[in-house]
Amino acid sequence: MASRASWKGYLRVAELTCPVALHAAVSAAERIAFHTVNRSTGHPVHRQYLDEETEKPVPREDQVKGYETASGETITLEPDEVAAAVPDSDKTLAISDFIACDAIDTVYFDRPYYLVPADRTGAEAYTLIREGMRARSVAAIARTVLFRRVRTVLIRPHGAGMIATTLDFDYEVRSAKDAFSEVPHTKIDKEMLDLAKHIIRTKTGTFDPARFEDRYEAALGELVKAKLAGRKPPRRPAAKDEKLIDLMAALRQSAKAKPARKTANRRKAG
């Protein structure tokens, strides 16, 4: 059963328009969810906002947004003032540019959505846009109001459909230059580099998301099962002490090790 659409509107390029819908490509619904409860009674508890000075509860109708200035003054914003500042939505993903598929650094990627036709009447135009982009090996840049914010969206052909990824704004992405400013410049010995390239070559494979388990969720699941069965909760194994070793020796040892994938295949064949 298809998920419920997060947004419905129109995809437009020049004079070509088709009705489309966005479905979240990522969901946390399958994760284990906890409630905060009173240890003594087991009853759920709820949050309560208190005035920082008087420590008295503040009713919901008296809670408003506030902005603290550099001088320490707080400016309050009423709900209708905030609502008036939100841009109107024309429900249109208007494509402004077509770019190379790899033209945007993935650090700007925010959240992916499946972009699908909203009904059968727009399927032909949708397919034409998708196949035109695929034939030219390009992606599209579009802008629209999503969830009360003006968002820039990257649209790419994906199988029988398209992926629409919201992009972070430039001011939201921190400078890589600042982050890497303290990385020391180190000259690498040629033999060490050759060994590293050899190790990478023997470990080269493909990405299969099914191979990677969410160990945290799995551990929480086992903990819940143990508690339900009245068993002692499992304990995680003690972390091994990591010791400093000679880098060249480690590279040589790694280069001698057989790739795990090939070893498994030999066992299967035997």
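**Exercise 1. Leu 16**

Decide whether Leu 16 counts as buried, partly exposed or exposed.

*Solution.*
- Start with the cut-offs: buried means under 20% relative accessible area, exposed means over 50%, and partly exposed lies in between (1.4 Å probe, protein chains only).
- Leu 16 has 30% relative accessibility, so it counts as partly exposed.
- Place Leu 16 next: it belongs to strand S2. Helices (H or I, at least four residues) and strands (E, at least two) are DSSP runs, numbered from the N terminus.
- Then list its partners. Setting aside neighbours within four places in sequence, Leu 16 contacts Leu 11, Ala 125, Leu 128 and Ile 129. Contact means heavy atoms within 4.5 Å.
- Finally, take a C-alpha distance: Leu 16 and Leu 146, 130 residues apart along the chain, are separated by 21 Å.

A note on the input. This is a predicted model, with residues numbered from 1 along each chain as its sequence is written. Local features need pLDDT of at least 70, side-chain atom pairs count only at pLDDT 80 or more, totals for chains, interfaces and linings use all residues, and side-chain values use heavy atoms, with hydrogens and water left out.

**Exercise 2. Ala 139**

State whether Ala 139 is buried or exposed, and find what it touches.

*Solution.*
- Ala 139 sits in strand S7.
- Its relative accessible area is 0%, so Ala 139 is buried.
- Not counting residues up to four places away in sequence, Ala 139 touches Asp 97, Phe 98, Ile 99, Cys 101, Met 133, Leu 154, Ile 155 and Arg 156.
- Check one pair: Ala 139 and Ala 100 are 39 residues apart in sequence, yet 6.0 Å apart in space, C-alpha to C-alpha.

**Exercise 3. The nonpolar core**

Find the residues with the most contacts inside the largest nonpolar core.

*Solution.*
- Define the set: a nonpolar core joins buried Ala, Val, Leu, Ile, Met, Phe, Trp, Tyr and Cys residues through side-chain atoms within 4.5 Å.
- The largest such core has 22 residues, and Leu 11, Leu 93, Leu 115 and Ile 155 have the most contacts inside it.
- Trace the suppliers. Elements giving at least two residues each include strand S1 (7-13), strand S5 (92-100), strand S6 (109-117) and helix H2 (123-136).
- Expand Leu 115. Beyond four places in sequence, its contacts are Leu 11, Val 20, Ala 21, Leu 22, Leu 93, Tyr 126, Ile 155, Met 162 and Ala 164.

**Exercise 4. Positive phi**

Locate Lys 91 and Arg 148, and give their phi values.

*Solution.*
- Recall the background: most residues other than glycine have a negative phi.
- Lys 91 has a positive phi of about 55 degrees. Lys 91 lies in the loop between helix H1 (79-85) and S5.
- Arg 148 has a positive phi of about 75 degrees. Arg 148 is in the loop between S7 and S8.
- Add exposure: Lys 91 is partly exposed at 38% relative accessibility, while Arg 148 is exposed at 54%.

**Exercise 5. The whole chain**

Why does the protein chain count as more spread out than a compact globule?

*Solution.*
- Count elements: the chain has seven helices and nine strands.
- Apply the globule rule, 2.2 Å times the number of residues to the power 0.38, with the radius of gyration taken over C-alpha atoms.
- The rule gives 18 Å for 270 residues; the radius of gyration is 27 Å, well over that, so the chain is more spread out than a compact globule.
- Add the extents: the C-alpha trace spans about 65 × 65 × 50 Å along its principal axes.
- Close with burial: 21% of the 270 residues count as buried.
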